[in-house]
Amino acid sequence: MSQPRKSGKRNPMGHRLKRMRDQSMRAAVPGADDAAPPSLPANVVVDCGWGRLAFAQTFETADELVDVLRSEESAKRDIAFYIRDPHVVLAAAPQELFLDPSHTYRLDLATYRPRRTPVRGYFVRRLCSEADAKAVNRIYRARGMVPVEPEFFWRQRDSRTLTVLVVEHDETGEILGAVTGVDHSRAFNDPAHGSSLWCLAVDPRASQPGIGEALVRRLAELFQARGAAFLDLSVLHDNESAIALYEKLGFKRIPVFTLKRKNTINEKLFIGPSPEEQLNPYARIIIDEARRRGIGIEVLDAEGGFFRLSWGGRAVTCRESLSELTTAVAMSRCDDKAVTRRLMEAAGVPVPRQLSATASEADRAAFLEACGSVVVKPARGEQGRGVVVGIETLADMDAALKQAASTGPHILIEECVQGDDLRVVVINDEVVAAALRKPPEILGDGDRTIRQLIERLSRRRSAATQGESRIPLDEETDRCVRAGGYSLDDVLPRGEQLRVRRTANLHTGGTLHDVTAELGPAIAASALKAARAIDIPVAGMDFIVTDPAGTHHVFIEANERPGLANHEPQPTAERFIDLLFPLSARRPE
């Protein structure tokens, strides 16, 4: 009986897997019997601005690699990459280094295929200006990443080793995301012709879908054109959304690892969650500033956001930015919006016209006709609950009153003033931050329904704010969508934008845009008047403005517990701790 003939065809998948395995399993820190390839320079380190990349396969001994990580600069984050045997390197400095809980993924550029359909609404290009660099740093800070000196980006503008790509909005020119690529052939004459991806970051405020994917694809295509064999990246093991994106694009896990030096930036990765980890971002930003000053911290109720700070014999209990220094009287003035309005009117701060919901139907109809458009909101409440904006008919007013009644018995009807929502943070009789708050908008892709686009944007906002911001699919969202001429199950045409909420509250998906440097003196003066009228040391004053740098403004409400984390990089937490513990304040050198 004759044997079947072997097929002469090659198995391309098996060949690719073997090549990937061979490349990834090459010794990263050679031992005595494993010399570094002679073509590689020794001890290659690439400065990326946020820290340095140490390519472990170019180091002959673990001790040399440890010495590089020991020389890490303050406020930087160095990374040792391509380590095959991390336990060997860790044994050389077990108290100083830790194994980063990240997976390494690889994209085989020989088989990668570009996207066929072009993206709409934005485009990918190289970072090319100081303004780009500042915008990228804003996104880094919003994502909790290490910022980069803008001058570093400028010095690297002609570099072939480092490539920084950004996404720019077609119409506004706003930077929506960024990614950094490293060309290994340029960095150290890599015989494997590799490349790597770092610091993929998308603005959490961006409503356009697919920004991260567009950046990854453009970087992959750039290195593919240069003849690179693969594109590698390191991603935290629990970053499910990022891992899903990479796997969708064809990235596969490879068995190499990453080591970092123990520092304050990555502390939570090697010591586990701290007691205050259960606190929300608005409390943690204050906790972090207190710890930097050596102030004692005691978490009293993580779920409620309560903690106690103590320093030099003084102790202050806080709930986020609300402290014992705010009196019950000041809180009650903020809590009742009708009371707040009367105080503002007496202090000479511009306010909108207002009517009680108990007014007769005729009075409500006359008020609606005089104003043209009104807002219905509970007299007490926060985080935008029960607020309905832009009501133009009595039927909608009745429905809004019914909805608002679920939050409390006292309801207000207020003139709807046209303009943007501005939050001004006042701490200790000083304007510390100002930001425009914009309602959430979705961008159609011609494929997904409005409901799916809202859910996608809501997931992104939630991930960026540790669950603090979501877009509810409630009656108000449905009303806004219907006002735009659609239903939640309609497919929004490609490139069309749709506002899905009228309120700009961050807890219901709104976004925040810092305008502290532009704030006009008239608005700043009104914010200070408002704080003095309420007699409150810390507050967020909300105005409707046509231009934050102008003079026209109308006071809406005061918040006794403003979210300080929303205003980074403004020094809100620093000024708050200065208020509580004046002697701990940093003195100018």
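These legends go with a handful of close-up views of a predicted model.

**View 1. Helix α4 and the elements packed around it.**
Start with α4, a helix that runs from residue 130 to residue 142 and has 13 residues. From its first C-alpha to its last it reaches 18 Å, close to the 18 Å expected at 1.5 Å a residue. Quite a few of its residues are tucked away: D132, A133, A135, V136, N137, I139 and Y140 are buried. What do the buried residues of α4 pack against? There's one helix, α5 (150-155), along with the strands β6 (122-126), β7 (162-169), β8 (175-183) and β9 (194-202). Once α4 is done, along comes G144, with a positive phi near 70 degrees.

**View 2. R217 and its contacts.**
Now move to helix α7 (residues 211-225), where you'll find R217. Is R217 buried or exposed? It counts as buried, because its relative accessible area is 14%, and the cut-off for buried is under 20%. Its side chain makes a polar contact of 3.1 Å with the side chain of Y112. The R217 side chain also gets to the backbone oxygen of R113, at 3.4 Å. Setting aside residues up to four places away in sequence, R217 touches Y112, R113, P114, R115 and L249.

**View 3. A four-stranded open sheet with a helix lying across it.**
Here four strands make an open sheet, and they line up as β13-β14-β15-β16 with antiparallel pairing. Which strands sit at the edges? Those are β13 (296-301) and β16 (322-323), each of which pairs on one side only. Look at the β16 end: β15 (residues 314-319) is joined to β16 by two bridges, and the two strands run antiparallel. Helix α18 (residues 572-580) lies across β14 (306-311), β15 and β16. Relative to β15, α18 runs at about 135 degrees.

**View 4. C318 in strand β15.**
Zoom in on the same sheet and pick out C318, which belongs to β15. Its bridge partner in β16 is S323. C318 is buried, since its relative accessible area is just 1%, against a cut-off of under 20%. Which residues is C318 in contact with, leaving aside its neighbours within four places in sequence? The list is G305, F306, F307, S323, F576 and L580. There's also a pair of C-alpha atoms to look for: those of C318 and R308 are 6.1 Å apart, although the residues are ten apart along the chain.

**View 5. Helix α12, with a buried side and an exposed one.**
The last stop is α12, a helix spanning residues 337-347, in which K337, A338, T340, R341 and M344 are buried. Why do these residues end up on the same side of α12? Because they cover an arc of only 155 degrees around the axis. As a rule, residues three or four places apart in an α-helix point the same way, because there are 3.6 residues a turn. Go round to the other side of α12 and R342 and A346 are exposed. The cover over the buried residues includes the helices α11 (328-335) and α17 (521-534). Strands join in too, among them β17 (354-356), β18 (374-378), β20 (411-415) and β27 (553-559). Both ends of α12 are worth a look. At the N-terminal end, D336 acts as a cap: one of its side-chain oxygens lies 3.0 Å from the backbone nitrogen of A338. After α12 comes G348, which has a positive phi near 85 degrees.

Note on methods. Residues are numbered from 1 along each chain as its sequence is written. This is a predicted model: local features need pLDDT of at least 70, side-chain atom pairs count only at pLDDT 80 or more; totals for chains, interfaces and linings use all residues. Side-chain values use heavy atoms; hydrogens and water are left out. The expected span of a helix is 1.5 Å times one less than its number of residues. Buried means under 20% relative accessible area, exposed over 50%, partly exposed in between (1.4 Å probe, protein chains only). Contact means heavy atoms within 4.5 Å. Two strands pair if DSSP finds at least two bridges between them. Axes are lines fitted to C-alpha atoms, for helices over the stretch in contact, and angles run from 0 to 180 degrees between N-to-C directions. The arc is that of the directions from the helix axis to the C-beta atoms. A polar contact is a pair of N or O atoms within 3.5 Å; within protein, one must be able to donate a hydrogen and the other to accept it, and residues adjacent in sequence count only if both atoms are side-chain atoms.
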